[in-house]
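Here are a few exercises to work through with the model open beside you. Try each task before you read its solution.

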Amino acid sequence: MPCSSLFEPIRIGGLELANRLAVGPMHQFSAENGCMSDWHLIHLGHLAFSGAGVLIIETTAVLPEGRTTPADVGLWNDQTQSALCLTIESIRRWCDVPIAVELGHAGRRGSTEVPWLGGGPIAPGTGRDWRTVAPSALPFQSGQTPPRALDRLDLQRIREGFANAAARASRAGIDAIQLHAGDGQLLHQFLSPRSNRRDDAYGGSLHNRMRFPLEVFEAVRNALPARCPVTVRIPAYDGAGNGWSIEQAVVLAQALEARGCDGFQVCTGGLLAQPAPTRAREMAAVRRVKRSIDTPVILAVAEPDFERVEALVTDGHADVVALTRTLVESPRWPWHAARSLHGAVARPIQYRYLAG
């Protein structure tokens with residue numbers, strides 16, 4: 001039987017993955033002062049044995065005020081680095097899956113409660129809130145305290161925060177970095193004219209709105225060894241007119257690729273407090289970006305059907321498929337997919353001799 005294309009290896013930058021499956025980043029809202037907890041070791045540890053070609057750690061804030069909630073993972077000091085390192089070392093003692101981390105800054109979407117406490121803005125003066133920042137003093141939704149508009153010194157601090165977090169991740173043993181520039185995060189806020197009303201070199205034209213995200217990418221790229229891939233999650237649509245568009249996304253992807261970006265994940269929505277575009281429109285955006293670049297494209301899906309996921313790669317929609325909820329519900333999904341599609345995945349030696 002022919003081997004499944006989903007289980008063929010792929011190279012992303014200097015890193016070779018055993019197959020085209022990724023454990024996508026999943027926010028757990030279980031950190032303490034930015035430090036990973038025992039929950040992260042349990043969560044990431046069992047997913048490390050899923051059989052996917054790479055394990056991507058949830059969006060990790062590069063500065064304390066870059067968190068979405070007080071329970072977000074961070075990577076801004078020795079304590080947060082040590083917690084990440086402990087988790088990685090524990091996984092690596094038993095599993096050699098490549099591990100990546102997604103670095104981000106929530107900008108105006110920060111200072112909110114965890115989902116099971118409502119997910120809304122934290123009331124000012126509670127001691128758990130913080131003043132959010134953004135390209136312009138425009139709140140995420142009406143009724144929120146407007147963020148503080150960033151000045152040049154702020155931009156320098158955030159650039160350095162991304163670079164320092166990337167260097168810390170590398171020292172902790174991370175194999176690859178993904179920058180989060182979509183889903184309404186700070187870098188997305190710079191890209192879109194719906195959230196960026198600046199009148200300096202970082203606002204106005206597309207060239208100017210791309211300037212800060214490109215500077216952040218270059219700072220991260222320069223902070224890492226050449227062998228460490230850097231990918232970027234980019235937005236395709238804001239979810240409303242007069243905002244970020246697929247045509248602008250193509251220009252951004254090409255600019256990042258020219259600067260050494262090793263791959264892209266394409267997402268939609270998140271900038272505005274309204275429903276994201278349809279899945280069909282998102283898939284069309286992914287195909288458009290993929291046709292415009294030469295580097296691999298990652299597509300996140302919540303799809304339990306083996307053949308449909310296989311078709312995403314076979315039909316050229318994506319080079320790597322990232323699974324999240326599918327793996328939460330079925331952590332050994334890649335094992336079963338490999339059996340069904342005549343592929344192969346690595347299994348822990350302790351499990352190889354069990355029946356079934």
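**Exercise 1. Sort the residues that line the second largest cavity into nonpolar, polar and charged.**

Step 1: get the rules straight. Ala, Val, Leu, Ile, Met, Phe, Trp, Tyr, Cys and Pro count as nonpolar, Asp, Glu, Lys and Arg as charged, and the others, Gly among them, as polar. On a 1 Å grid over the protein atoms alone, a cavity is a set of points where a 1.4 Å probe fits but cannot get out; a pocket is an open set with protein on both sides within 12 Å along at least five of seven lines; lining residues have an atom within 4 Å of a point.

Step 2: find the lining. It's made of Leu179, Ala181, Leu187, Leu191, Pro213, Phe217, Val232, Leu252 and Leu256. Helices H4, H5 (206-223) and H6 each give two or more residues to it. (Helices, H or I with at least four residues, and strands, E with at least two, are DSSP runs numbered from the N terminus.)

Step 3: sort them. You get 9 nonpolar, no polar and no charged residues.

A word on the ground rules: this is a predicted model, where local features need pLDDT of at least 70 and side-chain atom pairs count only at pLDDT 80 or more, while totals for chains, interfaces and linings use all residues. Residues are numbered from 1 along each chain as its sequence is written, and side-chain values use heavy atoms, with hydrogens and water left out.

**Exercise 2. Describe the largest cavity: what is its volume, and which element gives the most to its lining?**

Step 1: the volume is about 140 Å³. (A volume is the space filled by probe spheres set on the points, with grid points joined across faces, edges and corners.)

Step 2: 14 residues line this cavity, and Ile12, Val54, Ala100, Ala176 and Thr231 are the closest to its centre.

Step 3: strand E8 gives the most, with 3 residues. By class, the lining holds 12 nonpolar, 2 polar and no charged residues.

**Exercise 3. In what order do the strands of the barrel follow one another?**

Step 1: decide what pairing is. Two strands pair if DSSP finds at least two bridges between them.

Step 2: go round. The 8 strands close up as E3-E4-E5-E8-E9-E10-E11-E12, with parallel pairing. From one strand to the next, the twist averages 30°. (Axes are lines fitted to C-alpha atoms, for helices over the stretch in contact, and angles run from 0 to 180 degrees between N-to-C directions.)

Step 3: zoom in on one pair. E10 (residues 263-267) and E11 (residues 297-301) run parallel and are joined by 2 bridges. Phe264 stands opposite Val297 in E11.

**Exercise 4. Which salt bridge partner does Arg233 have, and where do the two residues sit?**

Step 1: a salt bridge is a side-chain nitrogen of Lys or Arg within 4 Å of a carboxyl oxygen of Asp or Glu. The structure holds 15 of them.

Step 2: Arg233 meets Asp183, at 2.7 Å from N to O. Arg233 is in strand E9, and Asp183 is in the loop between strand E8 (176-180) and helix H4 (186-191), so by position they're distant parts of the chain, 50 residues apart.

Step 3: look around the pair. Arg233 and Asp183 are among the residues nearest the centre of the largest pocket, which has 29 lining residues. That pocket holds about 640 Å³ of space, and its lining splits into 15 nonpolar, 8 polar and 6 charged residues.
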